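Me: Could you walk me through the empty space and the backbone oddities in this one? I'd like to start with whatever is enclosed.

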Amino acid sequence: MRLTRYFLPVLKENPAEAQIVSHRLMLRAGMIKQQAAGIYSWLPLGFKVLKRIEQIVHEEQQRAGHIPLLMPTLQPADLWRESGRYDDYGQEMLRIRDRQDREMLYGPTNEEMITDIFRSHVSSYKDLPLTLYHIQWKFRDEMRPRFGVMRGREFLMKDGYNFDIDKAAALHAYNRHMVSYLRTYERMGLTAIPMRADSGPIGGDDTHEFLVLAATGESEVFYDAAVTELKLGDRAVDYENRAEVAEVCREFTTLYARTDETHKPELFDQIPAERRRVGRGIEVGQIFYFGTKYSDPMGANVVTPDGSRVPVHMGSHGIGVSRLLGAIIEASHDERGIIWPEGVTPFHAGIVNLKQGDAGTDAACEGLYAALKAAGLDPLYDDRDERAGAKFATMDLIGLPWRLTVGPRGLAKGVVELTSRRSGESEELTAEAAVARLREIYADR
Ligand code: 5CA
């Protein structure tokens with residue numbers, strides 16, 4: 001993409017309404033525009049990152065054997081009367097009437113609807129296990145929408161639902177989700193710690209939240225510092241193998257890590273003092289096992305091998321897809337702007353032309369731009385007629401992890417400069433070597 005042809009409405013001034021850095025930087029980098037409290041348009045740069053995050057979520061869910069579908073945002077109220085949640089959900093639910101005066105709602109989550117799909121089409125244990133998920137907009141009329149996409153009213157969520165024959169099988173699904181989430185967050189450059197949590201309006205016995213440590217997080221967290229060292233890395237996990245998946249979960253949930261809702265001071269005090277930490281975290285996902293809470297009242301049963309009918313054991317599992325943009329920026333920025341991890345960056349590299357209009361420099365930039373595209377990379381070429389300082393400031397603000405700087409002085413020596421946004425370190429390379437280096441960096445992303 002050429003910057004002169006793109007739509008990147010960056011702001012020079014700090015927007016007064018933004019209280020935290022991710023909100024400020026998303027507005028300044030022209031990623032989002034507020035349309036009403038907690039409701040945003042996703043401008044091209046923000047939309048691109050959102051799509052990259054969605055893509056990672058899809059890949060990791062499908063790697064775990066979970067199947068994508070798409071349910072609507074609007075739901076009939078009657079479905080929610082079956083589970084008893086229509087009245088329970090309170091003011092967070094946006095209730096709507098259509099022209100026939102039928103009661104509808106904008107879905108805050110989809111347990112009822114997915115249970116309805118299941119009961120309409122599945123009646124035998126032979127069709128289990130089954131996990132269906134979608135990535136869809138949700139609406140919760142939050143009392144205090146704030147911090148930009150972090151606590152929106154309309155927000156994008158991945159929500160997945162497992163259907164299993166018994167509790168043991170459903171707990172395997174729960175564990176599968178935990179492992180797939182760990183991998184998902186790591187691919188986004190995040191350390192998200194599973195913490196024992198409270199089930200709230202979703203209900204159920206077993207639940208973990210995934211928290212990214214950040215001073216601006218809304219939850220207070222208590223943990224053993226050793227938990228932040230755990231990494232899944234690129235180890236292969238066989239999602240079908242119950243014991244293996246359970247072992248990974250054990251590894252990640254044995255050290256003390258809890259939010260204020262479930263914190264137990266007497267357990268916390270058993271951690272060696274030098275490893276005891278109190279901090280704040282951003283909740284980027286939550287998984288629940290709730291047994292037959294929905295399948296029972298809604299009649300989602302299957303016939304078992306001995307011919308009896310039993311309600312299926314279920315769980316639901318959510319990732320805050322739009323919130324993740326805010327969480328990633330909170331975890332990865334400096335005073336000049338965003339620093340995107342390679343896994344989610346909107347463009348792989350920026351090209352800065354130091355002398356726009358100079359025939360040799362323009363031609364070198366065009367060549368580099370074409371070579372990067374031919375290598376399967378997605379560059380952003382700053383071809384504006386601007387000072388070098390302004391171009392650098394824009395690149396730093398929007399946070400592309402790699403910058404290629406092209407000017408007459410380097411070209412006289414046959415080199416361009418490749419700079420890491422994270423370390424600030426630069427090296428001089430031929431254009432070909434720079435393309436090869438970027439190709440290598442992005443080989444597995
Ligand atoms: N049905 C279950 C799991 S599918 C559910 O709704 N879980 S949840 O309430 O925990 O939401 C899942 C994730 O969505 C949260 O962990 C959080 O990351 C994100 N989320 C929840 N509310 C908001 C909000 N108001 N703005 C942005 N993201 C949100």
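**Space inside the model**

Reply: About 90 Å³ of space lies in the largest cavity, and please keep in mind throughout that this is a predicted model.

Me: How many cavities of 30 Å³ or more are there?

Reply: The count comes to two cavities of 30 Å³ or more.

Me: And which residues line the largest cavity?

Reply: The lining of the largest cavity is made up of Leu182, Tyr185, Glu186, Leu190, Thr191, Ala192, Ile193, Pro194, Val227, Leu230, Lys231 and Phe252. In terms of elements, helix 6 (167-187) and strand 9 (192-196) each supply at least two residues of that lining.

Me: OK, open space next. What volume does the largest pocket have?

Reply: The largest pocket has a volume of about 930 Å³. It is lined by 44 residues, and those nearest its centre are Arg140, Arg151, Glu283, Gln286 and Arg323.

Me: Which elements give two or more residues to that lining?

Reply: Those elements are strand 8 (154-164), strand 13 (276-291), strand 16 (313-320) and helix 10 (321-331). The largest share comes from strand 13, which contributes seven residues to the lining of the largest pocket.

Me: Switching to backbone geometry: where is there a cis peptide bond?

Reply: A cis peptide bond joins leucine 128 and proline 129, with omega at about 0 degrees. Proline 129 sits in the loop that connects helix 5 (111-121) with strand 7 (130-139). As general background, most peptide bonds are trans, and most residues other than glycine have a negative phi.

Me: So which residue other than glycine has a positive phi?

Reply: One of them is aspartate 101, whose phi is near 70 degrees, and which is found in the loop between strand 5 (94-97) and strand 6 (103-106). Phenylalanine 147 also has a positive phi, near 60 degrees, and its place is the loop between strand 7 and strand 8.

Me: Is phenylalanine 147 buried or exposed?

Reply: Phenylalanine 147 counts as buried, because its relative accessible area is 12% and the cut-off for buried is under 20%.

Me: What about the cysteines, and how many disulfides does a search of the whole structure find?

Reply: The search finds zero disulfides. As for burial, cysteine 249 has a relative accessible area of 5% and is therefore buried, and cysteine 365 is buried as well, with a relative accessible area of 0%.

Me: Last topic, the open sheet. In what order do its strands come?

Reply: The five strands of this open sheet follow the order 20-19-21-22-23, with mixed pairing. Its edge strands are strand 20 (379-382) and strand 23 (426-429), each of which pairs on one side only. From one strand to the next, the twist averages 25 degrees.

Me: How many bridges join strand 19 to strand 20?

Reply: Four bridges join them, and strand 19 (residues 349-353) runs parallel to strand 20. Looking at an individual bridge, valine 352 has aspartate 382 in strand 20 as its partner.

Me: And which strands does helix 12 lie across?

Reply: Helix 12 (residues 388-398) lies across strand 19, strand 20 and strand 21 (402-406), and it runs at about 170 degrees to strand 19.

Definitions and conventions
Residues numbered from 1 in each chain as written. Predicted model: local features only at pLDDT ≥ 70, side-chain atom pairs only at ≥ 80, totals over all residues. Heavy atoms only, no water. Pairing = 2+ DSSP bridges. Axes fitted to C-alpha atoms, helices over the stretch in contact; angles between N-to-C directions. Contact = heavy atoms within 4.5 Å. Disulfide = S-S within 2.5 Å. Buried < 20%, exposed > 50% of the residue type's maximum accessible area, 1.4 Å probe, protein only. 1 Å grid on protein atoms, 1.4 Å probe; cavity = no way out; pocket = protein on both sides within 12 Å on 5 of 7 lines; lining within 4 Å. Points joined across faces, edges and corners; volume = space filled by probe spheres on them.
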